[in-house]
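Please open the model in your viewer and set the whole chain to a cartoon before following the stops below. The tour begins with the overall form and then moves to individual elements.

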Amino acid sequence: MRISNHWLGQWVDHGLSVEALGHRLTMAGLELDAIEPVGGSFSGVVVGRVLSVRPHPDADKLRVCLVDDGSGEPVSVVCGAPNVREGMRAPFAPVGAVLPNDFKLKKVKLRGVPSHGMLCSARELGLSEDHEGLMELPEDAPVGADLRGLLDLEDQVLEVDLTPNRADCLSMAGVAREVAALTGRPLTPVDPVPVPAASQEGVPVNLEAPADCPRYARRVIRGVDPQAQTPLWMRERLRRAGVRSLGPLVDVTNYVMLELGQPMHAFDLSALSGGIVVRRARPGERLTLLDGQSLTLDGEDLVIADQEKCLALAGIMGGRDSGVGDDTRDLLLESAHFSPTAIAGRARHHGLHTDSSHRFERGVDPDLPARALERATGLLCEIAGGTPGPAQVAETPEHLPVRSGIPFRPAQVGRLLGVDIPEAEMRGILERLGCIVDASQEAWQVTAPGYRFDLAIEADLIEEIARIHGYERLPAQVPAMVPRIDWLDEARVDLPRLRQVLTDLGYLEAVTFSFVDGELEDRLAPGVEPLRLANPLSSEMAVMRTTLWSGLLKAARHNLNRQQERVRLFETGLRFIPQGDDLKQEKMLAGILCGTLCPDQWAQETRGVDFFDMKGDVEAVLARAGLESRVSWQAFEDPALHPGQGAQLLLDGEAVGRAGALNPEIASALGIETPVYLFELRLEAVTRGRIPRFREQSRYPAIRRDLALVVEDSIPAARVLEVIHGLELPVLQEVKLFDVYAGKGVPEGCKSLALGLILQDLSSTLTDEAVDRMIQDIVERLQQEVGATLRA
């Protein structure tokens, strides 16, 4: 942002040198990049009036001009500028004047004709790069007046580098507010005077994308003078801000943007067909911009259109076919509020970056369009005349940004900054920044102004107080901090403890991308449509993962392809499940293992891992949270898992994970030949542990009874254990499954389960008769529930 110091002084009399002002802005977070003079170092140049122009006798491209420089005696000057003409006023450097680079004018002869000075272009004076002709001055410029005084060239420009969150300072009004807050000086803002309508002509507007454009102000102005000239003061302010003058119809909108911060646009009324429509572009729609670039639009682009065609890329740039030109007499002024999310990224998508998009994608005050429209109307009618219609505003209030109160505790300022700032000063700072402060209670309610999109929480307000109070005034030492002990849920298990369990079991932690291959994702979760990226880095990173297995499988394959025979990896991270218009993000713990159970060694036979090895690892994780007895394993069909080797984990009946062998079809597609086993758990569920409780130990002896039961193959052992625990025998301390047998002596289609039952009473020694009755009850219940019989 380029800031004219003299223009700023009309808003706030800061009383600082330009160097001191730059330092204050830098210390407040608006970093000063440079201080530049507004014009070259010249002296003695005055306003000259060309009295006559005649051809040079010996040069076709030169003219001999008679120039009045206010001294009373016209002088002869040889000039080669193509735009020199009788009656024009232009900068004149008489003999003795000094131009930039210490060039002193002397009396010379050009092709034999004496020249007593020089008529100057803007570039020759160091004012711009324009060298197409003489710099034209207003017709009312006093002849003989010093040019530096006329153009206020003792001014200086501060170039400030703004961070993206400070879009409110992308205007003279915003910088002036900041300087007034820093210096405590009064602010004198421009208050646009409403321009009364001289006609009732308007243009209807249909907001088809109200969330993207909740407010659209416009005004018809007919009969402007296309030959009008932008006043010198406005051209100079635009030049100092780095904006080229293009005629009053465009200059006024640019000026209001620089002054108030509201980007605007002017349409040639004769190019419009019917009313205005603010909508999303239709895929494949074409638009040629003001700079001549032709775009192919898509459904993400927000456009301003009429009943037939696109007129402009909303908030970025207008279209060539509807833009104002040298012959425009009737126009429609546009002043709208666009949501930052609707504009952000769209300019870059089309390879553009404009002053308008730079502001809208960072956030513009939603209350500004009507004020800017009145300001632009007043300036335009003053410069180019015209008959204005009524100022019209179309809006959908429910889509406008809502500024809610921010709870603010003054005591927090001292605790965080280490300095005591009086409450009156804090309130004054916030109010100078445009906030509304309700200090009627201990916790203030502070409402940020509409132009401060970056103020949302208490810490933001404390930062503002620190900025304006002065970072350099904060104590250099670290303040004494009172430690605050956070409440700790003893039943919860920290994630690092679960990681340690897996690490102790020989797993290594992996970190993979959340962007994964869409084809692999479709194989692992064919019934889930993942969120697809609009601009993926590659086809293998085209969708957001719905399971952590996508990355782990590729990591395992990478290791197997490099002769790593034992692979054990785990990962914690988010998975992303689309749910209508929402995206559910869920923290998961997943693992993968394949290869041999143990490294080659003499003490144990080498074999490959199986389902139960993986099951044991998962149960070790659950045991760390104290959940092993509450989680049951249930057969489960999953497209990612081998049919018959997949299980669902249920915690008190709630599904909290899945585990099993990788589906052979997926393994074949990935080129993995060794059996692979995977598990995936919901972290939120498996970290909800239980608090250990004391249980009294019995002083009386325990009794063990073993049962050999014959059941059908289809009945899992867990069901048998469930029936036994369902009897709720108080003396039954433990049930162990220590053998499973099928073969000789066991009927075909059945299996034998060997169970060890540990019985112990807290109050007395169990008798054989009591134990026999309990065993009989258990056998009878098993017969009823699962058809179990005692093995002969």
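With the whole chain in view, begin with its dimensions: the radius of gyration of the protein is 41 Å, whereas a compact globule of 792 residues would have one near 28 Å. This is a predicted model, and along its principal axes the C-alpha trace spans about 140 × 60 × 60 Å. Colouring by secondary structure should bring out 21 helices and 40 strands.

If you switch to a surface, the accessible area comes to about 39500 Å², and carbon and sulfur atoms contribute 49% of it. Of the 792 residues, 49% count as buried. Among the contacts with a separation of 6 or more, 70% are accounted for by residues 24 or more positions apart along the chain.

Next, select helix α5, residues 232-240. Which of its residues are buried? Show side chains for Leu 232, Met 234, Glu 236, Arg 237, Leu 238 and Arg 240, which are buried, and note that this list takes in Glu 236 and the arginines Arg 237 and Arg 240 as well as Leu 232, Met 234 and Leu 238. To see what covers these buried residues, add the surrounding elements, which include the strands β1 (2-4) and β12 (156-161) together with the helices α1 (5-11), α3 (147-150), α6 (248-260) and α10 (368-384). Before leaving this region, step just past the end of α5 to Gly 242, where the backbone takes a positive phi of about 85°.

Now move along the chain and select helix α14 (residues 495-504) with helix α17 (residues 611-624), which pack at an angle of about 150° with their axes 9 Å apart. The crossing of α14 and α17 is right-handed. On the α14 side the contact is made by Arg 497, Leu 498, Val 501 and Leu 502, and on the α17 side by Ala 620, Val 621 and Arg 624. By class, the residues of this contact divide into five nonpolar and two charged, with no polar ones. The spacing within such a list can be read against the helical repeat, because an α-helix has 3.6 residues a turn and residues three or four places apart therefore point the same way.

For the last stop, select helix α20 (residues 717-726), where Ala 718 is found. Is Ala 718 buried or partly exposed? Ala 718 counts as partly exposed, because its relative accessibility is 47%. Finally, draw a distance between the C-alpha atoms of Ala 718 and Leu 737: these residues lie 19 apart along the chain, and the two atoms are separated by 9.5 Å.

How values were computed
Residues are numbered from 1 along each chain as its sequence is written. This is a predicted model: local features need pLDDT of at least 70, side-chain atom pairs count only at pLDDT 80 or more; totals for chains, interfaces and linings use all residues. Side-chain values use heavy atoms; hydrogens and water are left out. Axes are lines fitted to C-alpha atoms, for helices over the stretch in contact, and angles run from 0 to 180 degrees between N-to-C directions. Helices (H or I, at least four residues) and strands (E, at least two) are DSSP runs, numbered from the N terminus. A crossing is left-handed if the near helix is turned anticlockwise from the far one by less than a right angle, and right-handed if clockwise. Contact means heavy atoms within 4.5 Å. Ala, Val, Leu, Ile, Met, Phe, Trp, Tyr, Cys and Pro count as nonpolar, Asp, Glu, Lys and Arg as charged, and the others, Gly among them, as polar. Buried means under 20% relative accessible area, exposed over 50%, partly exposed in between (1.4 Å probe, protein chains only). The radius of gyration is taken over C-alpha atoms; the globule rule is 2.2 Å times the number of residues to the power 0.38. Accessible areas come from the Shrake-Rupley method with a 1.4 Å probe; for residues, only the protein chains shown count as cover.
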